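Hi,

Here is the model I promised to pass on. Have a look at it first, and then read on for what turned up.

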Amino acid sequence: MTTIPTPEPAAHPALTDLAASFGRRVERVGDRVLVAIGYGLANTVVIIGDGGLVVVDTMEGVQAASEARDAIREHTDLPVRGVIYTHGHPDHVWGTRAWVSPEDEPGVEIVAHETVPYYVNEFANILAPRYTLGAMHMYGSLLPDGPEGFIVNGIGQRVRAGADRGFIPPTTTFRDEQELTIAGVRLQVQFTPGESPDEILVWLPDDGIVLSADTVYRSFPNVYTIRGARYRDPRDWYSSVDRIRALGAEHLVPCHGAPVSGAAEVDAVLTTYRDGIQYVFDQTIRGMNAGRTPDELAATVRLPEHLASSPWLAELYGKVEICVRNIYAGLYGWFSGDGADLLPPPPGEEAAEVVALAGGPDAAAAALRDAVADGRMAWAAKLASWLLRAEPAIDEALAEEVKRLKATALRSMAYATINANARNWWLTEAAVLDGTIAMDLPAIAGFVARSNAAELLHGVPERDTVEALSLRLDPERSADTTVRVGLALVDATPCTLAIRRGVCAIEDGIDGCDLTVTLRRDDLIALVTGALSWHDALAMDEVALDGDRDRLLATVALFDGWEAPEG
Ligand SMILES: [Zn+2]
């Protein structure tokens, strides 16, 4: 067996500098804004009002938020009167219980865009396992600290997300803009979509301070996030930067990283930022209209020097090449326009053909060793993927060597890149390939379901909680089943799971059901998260079943997560 060279662990100096910039501290902006930086991925911002505080964003969990809160508490001990969520991303909303306990202080206003609960549900419920898997790669959650592993995230410190989720749903929502006075502070919130579809800015007109959320941070923006997200439209994004710019603020306070002061400096930053986004958008569209493919565009669209050299557009977090592919896919779809890409051979077959073309697995592996030895790492990683994907599979000993060669290629690229997201992803994937890290999707899905405590699902629209069930129906086990299960929710809108041979439609009302379960929304949420089994639920006094018990247990067993009929 050949010796596989181990790349020397290293970090791009720009990432080491970036990590230093997120040192823990509280910065004061103007007379009454405090910004806690470096306690997690995002900042927490606190506005000091008359006799009370407004907390803007609450970080990724109660632990991180508590540490930021303790640092803020060295400056002020006023009670919290309001919370504002700039958007529903986990690093902005999951630490609220560090500040507020609605059971003890029911009057605290929680302000957000009207779509925040909908998107929280999408993240935390419908696509949670997949998003979590992506986030664990992109944020390097399982990497050790140090040059061989985690240095920094492109916009903040290591994410400290565990099961300590303390999301509290908004009590005040709006659509485009709204004036508010909380704790005597005059505030204006405005809708600024782009980085997320529910993003807002917070403007303090009496102080000339704008809290810009994630619309601006010190990196080329993450117009596509490799952890996965809906299409982020660059036109929305730069228009939102324009909306911030139009305020003429004296201070710009982003939700990641340090504030900027001085009206001229703020305007210069915002102008550069919006121009960088528009430039990439416009040039991608021009190239598309000239008939170019996403691969060609990704290889050629670049920022001009006057924008590329700005520290606000350095590719520490977002990356132009990745953004270009997103624009193409978001506006045109995935098809490149090359007929060979339309209905390609299945991946195992295509890979086997490439390997055969190389002269078989041994010859392809020799080419792979050469590519790694020569430092042609991007090519080496692709060749390794073909070898590992080929069907029938190459022999096990060779596959192990190929995995280690691919890990070496990915690590080499990671140690050299300025992009924190790519670094974290490649190092995580390399560690999974050589077995240093185990990444088990069912285990992740189970963890996510358990940590999505009832509270989080309570914060999402009730219909969305139920609709997620249709995604869990197993098509094979339900292939011959037709049954209507009524959910007679006593404290929410009743609905029916209409199961028709592999499809579970959600219908209003409970008419014409074969089985009807009467229960509270709390109990349904506990069943959805797995905190309560159907066996135990049916034994509860407040849960009633109209219909055959065995038939109900057999029916719920058609859903992922409820497989084993209990009792
Ligand atoms: Zn954020």
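Let's begin with the hairpin of β15 and β16, which has 2 residues between its strands. Arg501 sits in that turn and has a positive phi of about 45°. β15 covers residues 495–500 and β16 covers residues 503–508, and the two pair in the antiparallel sense over 6 bridges. If you want a place to check the register, Cys495 has Asp508 in β16 as its bridge partner. Bear in mind throughout that this is a predicted model.

There is another hairpin to set beside that one, formed by β8 and β9, again with 2 residues between the strands. Here Ala183 takes a positive phi, near 50°. β8 and β9 (residues 185–191) run antiparallel and are joined by 6 bridges. Glu177 stands opposite Gln190 of β9.

That hairpin belongs to an open sheet of 6 strands, in the order β8-β9-β10-β11-β12-β13, with mixed pairing. β8 (177–182) and β13 (260–261) are the edge strands, each pairing on one side only. Further into the order, β11 (residues 209–213) and β12 (residues 251–254) run parallel, with 4 bridges between them. Val210 is partnered there by Leu252 in β12. Also worth a click is Ala213, which is found in strand β11: its phi is near 55°, a positive value in a residue other than glycine.

Now the other sheet I looked at. It is open too, with 7 strands in the order β1-β2-β3-β4-β5-β6-β7, and its pairing is mixed. At the edges are β1 (25–29) and β7 (172–174), each of which pairs on one side only. From one strand to the next, the twist averages 20°. Helix α2 (residues 62–73) packs on this sheet and touches β1, β2 (33–37) and β3 (44–48). The direction of α2 makes about 135° with that of β2. Over at the β7 edge, β6 (residues 109–113) and β7 run parallel and are joined by 3 bridges. One pair to look for is Val111, whose bridge partner in β7 is Thr172.

On to the helices. Which way do α7 and α10 lie relative to each other? α7 (residues 263–289) and α10 (residues 320–332) pack at an angle of about 55°, with their axes 10 Å apart. The two helices are therefore oblique to each other, and their crossing is right-handed. On the α7 side the residues that meet α10 are Val280, Phe281, Thr284 and Met288. Facing them from α10 are Val320, Cys323, Val324, Ile327, Tyr328 and Tyr332. Sorted by class, that contact has 9 nonpolar residues, 1 polar residue and no charged ones.

The pair α12 and α14 makes a useful second case. α12 (residues 361–374) packs against α14 (residues 396–416) at an angle of about 25°, and their axes are 10 Å apart. That angle makes α12 roughly parallel to α14, and α12 passes α14 in a left-handed crossing. α12 brings Pro361, Ala365, Leu368, Arg369 and Val372 to the contact. From α14 come Leu398, Glu401, Val402, Leu405, Thr408 and Ala409. By class this contact has 8 nonpolar, 1 polar and 2 charged residues.

While you are in that part of the chain, look at the loop between α13 (377–389) and α14, where Pro392 lies. The peptide bond from Glu391 to Pro392 is cis, with omega near 0°.

Last, the overall layout. The protein chain is divided into domain 1 (18–332), domain 2 (358–418) and domain 3 (461–556). The C-alpha centres of domain 1 and domain 3 lie 38 Å apart. How many residues of domain 1 are in contact with domain 3? There are 5 of them, meeting 4 residues of domain 3. The side of domain 1 that touches domain 3 has 3 nonpolar, 2 polar and no charged residues.

Happy to hear what you make of it.

Cheers

Terms used: Residues numbered from 1 in each chain as written. Predicted model: local features only at pLDDT ≥ 70, side-chain atom pairs only at ≥ 80, totals over all residues. Axes fitted to C-alpha atoms, helices over the stretch in contact; angles between N-to-C directions. Parallel < 35°, antiparallel > 145°, perpendicular 65-115°, else oblique. Left-handed = near helix turned anticlockwise from the far one by under 90°. Contact = placed C-beta atoms within 7 Å. Nonpolar A, V, L, I, M, F, W, Y, C, P; charged D, E, K, R; others polar. Pairing = 2+ DSSP bridges. Domains from an automatic or database assignment.
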